[in-house]
Amino acid sequence: MFDLLIRNGTVATASDVFPADVAVKDGVIVQIGRDLGPAAETIDASGRYVLPGGIDSHVHLSQPQAPGIVMADDFESGTRSALFGGNTTVLPFCLQEKGRPLREALTAYHALADGNCYTDVSFHLIVSDPSEAVLGQELPALVEDGYTSFKIFMTYEDLRLNDAEILATMDCARRTGALVMVHCENEDAIRYLIGRHEADGDVAPKAHATTRPIAVEREATHRAVSLAEVVDVPVVIVHVSNREAMEEIERARRRGRKVIGETCPQYLMLTADDLDGMDWEGAKFVCSPPPRDSASQEACWEGIERGVFDLYSSDHCPFRYDDPHGKLNPKGRESFRHIPNGIPGVETRLPILFSEGVMKGRIDLCRFVALTATNHAKTYGLYPKKGTIAIGADADIAIWNPQATRTIRHADLHDASDYSPYEGLEIAGWPTTVVLGGAVVVDNGVLTGHARAGRYVSRGRSSLAGSTRP
Ligand code: DUC
Ligand code: ZN
Ligand code: ZN
């Protein structure tokens with residue numbers, strides 16, 4: 001007797017699409033076949049796709065911000081929103097405060113997350129202070145404890161690392177088998193451009209995009225992949241927005257380097273013109289790197305199709321718009337410099353790629369699964385427990401109705417922001433039922449799960465981090 005049986009669906013993995021029943025016992029997939037049963041609970045998935053639950057390996061929840069600014073989503077609202085978007089695991093960032101131990105940040109994040117998540121979660125670390133103690137003792141111990149990836153920044157005055165610090169942090173990753181993710185934008189170049197814009201009184205949201213042009217991202221991407229080459233370590237280039245940065249990734253790969261590229265819905269769907277809205281509405285689209293132009297959108301689609309990108313993540317980094325603690329904070333109304341960086345998108349990530357990618361024939365279902373689940377699991381040490389439909393894998397499953405049509409309205413979403421950057425976008429295909437660890441947590445669009453169902457997942461090392469050769 002199985003606990004749960006998903007019957008008559010079309011199962012897709014990163015490599016195959018086939019009609020099958022999927023049987024679950026004790027939270028794990030135990031059989032995949034025809035005419036399976038009996039089970040305590042059965043879902044008829046006729047006409048539906050049965051996919052691995054989405055893994056969003058780039059989200060920000062409850063992350064401390066500048067004084068007076070508050071991130072819209074905590075773990076409860078952010079993971080609830082993720083769940084409704086067909087995700088079963090998210091990887092938020094745990095930010096080290098300068099001068100403070102990483103363990104202290106982890107204690108605080110676990111206190112916020114544990115028992116408050118609708119999906120499974122696992123933290124990346126953000127290393128803002130790569131001191132000898134952090135790189136010599138703390139990080140190696142944390143990698144052993146299952147915190148096997150960390151993000152570093154080349155921008156933001158309070159977060160950026162200089163080249164020596166980047167090299168030292170990458171060296172730590174090489175020694176420990178951890179994976180480094182890099183935010184590639186040249187802070188000095190941005191500062192210079194901000195100075196010029198401010199001198200001209202050009203302080204509207206659009207200036208966020210013009211002070212962070214493609215060259216700023218391209219240069220930093222080149223530097224990040226070059227420093228990784230010097231150290232001889234794989235690297236993830238996160239939130240890539242344009243062709244020139246993609247070319248840096250591809251050139252490095254042609255030199256035999258292991259460089260993993262990530263892009264996000266904003267670079268497929270938005271442009272810098274969206275930052276130009278009336279009455280400071282452009283603030284809704286302020287994120288870094290900024291959305292570019294239609295040629296960059298096309299380039300990013302090409303990267304999705306051709307495999308320049310292995311990862312498609314939301315970079316969900318939500319702030320409320322009409323809120324003194326959000327985009328329209330008192331200083332943010334005065335200058336783009338004080339508009340918090342980031343946009344919501346954890347719930348709309350998968351439907352956007354399904355609708356614009358699969359339904360419009362740009363990618364097939366296997367590539368969709370790879371980009372949204374399997375590659376995330378492989379990259380960040382969760383595979384094969386997560387990210388695929390296979391015997392022995394966690395029963396984390398999203399059942400998609402390809403016939404469902406929706407218009408994105410923030411009122412229908414489940415995050416705690418007050419807008420969606422994709423308001424009004426027509427979507428074909430939606431994840432209607434979601435199974436987490438064998439339990440039905442969204443049943444035909446109705447929440448049946450609870451915020452204690454999500455577990456913290458300790459991760460192994462990336463299957464990519466051991467060697468620099470593909
Ligand atoms: N980088 C991110 O990854 N997310 C939001 C803001 C940023 O700069
Ligand atoms: Zn970033
Ligand atoms: Zn981010």
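So, which residues coordinate the zinc ion, ligand 2? Keep in mind that we're looking at a predicted model here. The answer is a trio: Lys151 through NZ, His183 through ND1 and His239 through NE2, at 2.1 Å. If you like to read that as a pattern along the chain, the donors give K-x31-H-x55-H. And this zinc has company: the zinc ion that is ligand 3 sits 4.2 Å from ligand 2.

Okay, where do those donors come from? Lys151 is in strand β10, residues 149-153, while His239 is in the loop between β12 (235-237) and α8 (243-254), so this pair ties together parts that are 88 residues apart in sequence. Buried or exposed, then, for Lys151? Buried, with a relative accessible area of 2%. His239 is buried as well, at 1%. The cut-off for calling something buried is under 20%, so both values qualify.

Next up, the backbone oddities. Quick reminder: most peptide bonds are trans, and most residues other than glycine have a negative phi. Now the exceptions. Going from Ser288 to Pro289, the peptide bond is cis, with omega near -10 degrees. That proline is in the loop between α9 (265-269) and α10 (294-306). We get another cis bond from Tyr383 to Pro384, omega near 5 degrees, and Pro384 belongs to the loop between α12 (365-379) and β15 (397-407).

On the phi side, Ser62 comes out positive, at about 50 degrees, despite not being a glycine. You'll find Ser62 in the loop between β6 (54-59) and α1 (75-84). Then there's Asp315, also not a glycine, with a positive phi near 50 degrees. Asp315 is in the loop between β14 (311-312) and α11 (349-358), and it is buried, with a relative accessible area of 8%.

Last stop, helix α10. How far apart should the ends of its 13 residues be, at 1.5 Å a residue? The expected span is 18 Å, and the end C-alpha atoms are 18 Å apart, so the two agree. Which residues of α10 are buried? The list is Ser296, Gln297, Ala299, Cys300, Trp301, Gly303 and Ile304. After the helix comes Gly307, with a positive phi near 95 degrees.

To wrap up, go back to ligand 2 when you open the structure: Lys151, His183 and His239 are the donors to click on, and ligand 3 is the other zinc ion, at 4.2 Å. That's it from me.

Terms used. Residues are numbered from 1 along each chain as its sequence is written. Chains are lettered from A and ligands numbered from 1 in the order in which they are written. This is a predicted model: local features need pLDDT of at least 70, side-chain atom pairs count only at pLDDT 80 or more; totals for chains, interfaces and linings use all residues. Side-chain values use heavy atoms; hydrogens and water are left out. Donors are N, O and S atoms within 2.8 Å of the metal (3.2 Å for Na, K and Ca); water is not among the atoms, so sites may look incomplete. Helices (H or I, at least four residues) and strands (E, at least two) are DSSP runs, numbered from the N terminus. Buried means under 20% relative accessible area, exposed over 50%, partly exposed in between (1.4 Å probe, protein chains only). The expected span of a helix is 1.5 Å times one less than its number of residues.
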